[in-house]
Amino acid sequence: MPYYYGYDPTYFLILIGVVLSLMASARVKSTYAKFSGVRSLSGMTGEETARRILSFAGIYDGKIERVAGNLTDHYDPRTKTLRLSESVYGNSSVAAIGVAAHECGHAIQHDRSYAPLKIRSVLAPVASFGANLSWPLILVGLLLGGSGILIQIGIIMFAVAVFFQLVTLPVEFNASKRAIGMLSDTGILYSEEVPKARKVLGAAALTYVAAAATSILQLLRLLLLFGGRRDDSR
């Protein structure tokens, strides 16, 4: 195979993935920057938004914390804690409110036992383990003269990580849908502001789509390179 002579014709798959990731990252940064400068008419901060939405949804045992960083917002189902980044927690922009509402969407999913979220939670440790171990196994398999078993196990582990990212997509889309609905129902954003928040969440969703697409391309590359191998030790 040309792969062994320093030339890998499947590198274009990696290049496509890199381009997709860069485009998605640039889109979310520019969109967030644009609407982070637009103050909401209600003047509510991200933290106040989260409290109102959780209360409106009947969730009274959830915690809200400030976390360091920018766009490091996330919901921890283990402790029922919604963590908002410094740029969201005390910010009253449309972008900050949209992000806070999105994380509330995850809290509501957890409270309502949303099936894809439960599946993702179960897969998370397995996917993390598989993603970390897949490449070492493939490399060791190559160093051992192309051990088909190790390479195939590595590919399977990587495939589990890809499946996890695919399951993540409906979870994120649904959280954004819930967020937009809550922003409208609670009156946190006025009707003319909702499309702006939707654009912020739509741009953020692209990063998950790009990540999934990149992983699929990488899996395809692995299958093209090693999928047809058989264990030479047999």
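This report covers helix α5, with Ser-134 as one of its residues, and then the largest pocket and the largest cavity of a predicted model.

**Helix α5**

Helix α5 runs over residues 115-143 and contains Ser-134. Its 29 residues, at 1.5 Å a residue, should span 42 Å, and the end C-alpha atoms are 42 Å apart, so the expected and modelled spans agree. The helix has a kink of about 40° at Leu-123, shortly before the proline Pro-125. Just after α5, Gly-145 takes a positive phi of about 90°.

Buried residues of α5 are Pro-116, Leu-117, Arg-120, Leu-123, Ala-127, Gly-130, Ser-134, Leu-137, Ile-138 and Gly-141. Leu-123, where the kink lies, is thus listed among the buried residues of the helix. The cover over these buried positions includes α4 (94-111), α6 (148-185) and α7 (194-226).

**Ser-134**

Is Ser-134 buried or exposed? Its relative accessibility is 0%, and because buried means under 20%, Ser-134 counts as buried. Which residues does Ser-134 contact, leaving aside its neighbours within four places in sequence? They are Gly-154, Met-157 and Phe-158. Helix α6, which spans 148-185, is included in what covers the buried residues of α5.

**Pocket and cavity**

The table sets out the volumes and the make-up of the two linings.

| Item | Largest pocket | Largest cavity |
|---|---|---|
| Volume | about 730 Å³ | about 90 Å³ |
| Lining residues by class | 15 nonpolar, six polar, six charged | five nonpolar, two polar, four charged |
| Element giving the most to the lining | α7, six residues | α4, three residues |

The largest pocket has a volume of about 730 Å³. Of the 27 residues that line this pocket, the closest to its centre are Asp-73, His-74, Glu-103, Glu-172 and Tyr-208. Elements giving two or more residues to the pocket lining are α1 (11-35), β2 (74-76), α4, α5, α6 and α7. Helix α5 therefore belongs to the elements that line the pocket, where elements are helices and strands taken as DSSP runs. The most comes from α7, with six residues.

The count of cavities of 30 Å³ or more comes to one. The largest cavity is lined by Leu-54, Ile-59, Asp-61, Gly-62, Lys-63, Tyr-75, Lys-80, Leu-82, Ala-107, His-110 and Asp-111. Helix α4 provides the largest share of this lining, with three residues.

Methods. Residues are numbered from 1 along each chain as its sequence is written. This is a predicted model: local features need pLDDT of at least 70, side-chain atom pairs count only at pLDDT 80 or more; totals for chains, interfaces and linings use all residues. Side-chain values use heavy atoms; hydrogens and water are left out. Helices (H or I, at least four residues) and strands (E, at least two) are DSSP runs, numbered from the N terminus. Buried means under 20% relative accessible area, exposed over 50%, partly exposed in between (1.4 Å probe, protein chains only). Contact means heavy atoms within 4.5 Å. The expected span of a helix is 1.5 Å times one less than its number of residues. The bend at a residue is the angle between axes fitted to the seven residues ending there and the seven starting there. On a 1 Å grid over the protein atoms alone, a cavity is a set of points where a 1.4 Å probe fits but cannot get out, and a pocket is an open set with protein on both sides within 12 Å along at least five of seven lines; lining residues have an atom within 4 Å of a point. Grid points are joined across faces, edges and corners, and a volume is the space filled by probe spheres set on the points. Ala, Val, Leu, Ile, Met, Phe, Trp, Tyr, Cys and Pro count as nonpolar, Asp, Glu, Lys and Arg as charged, and the others, Gly among them, as polar.
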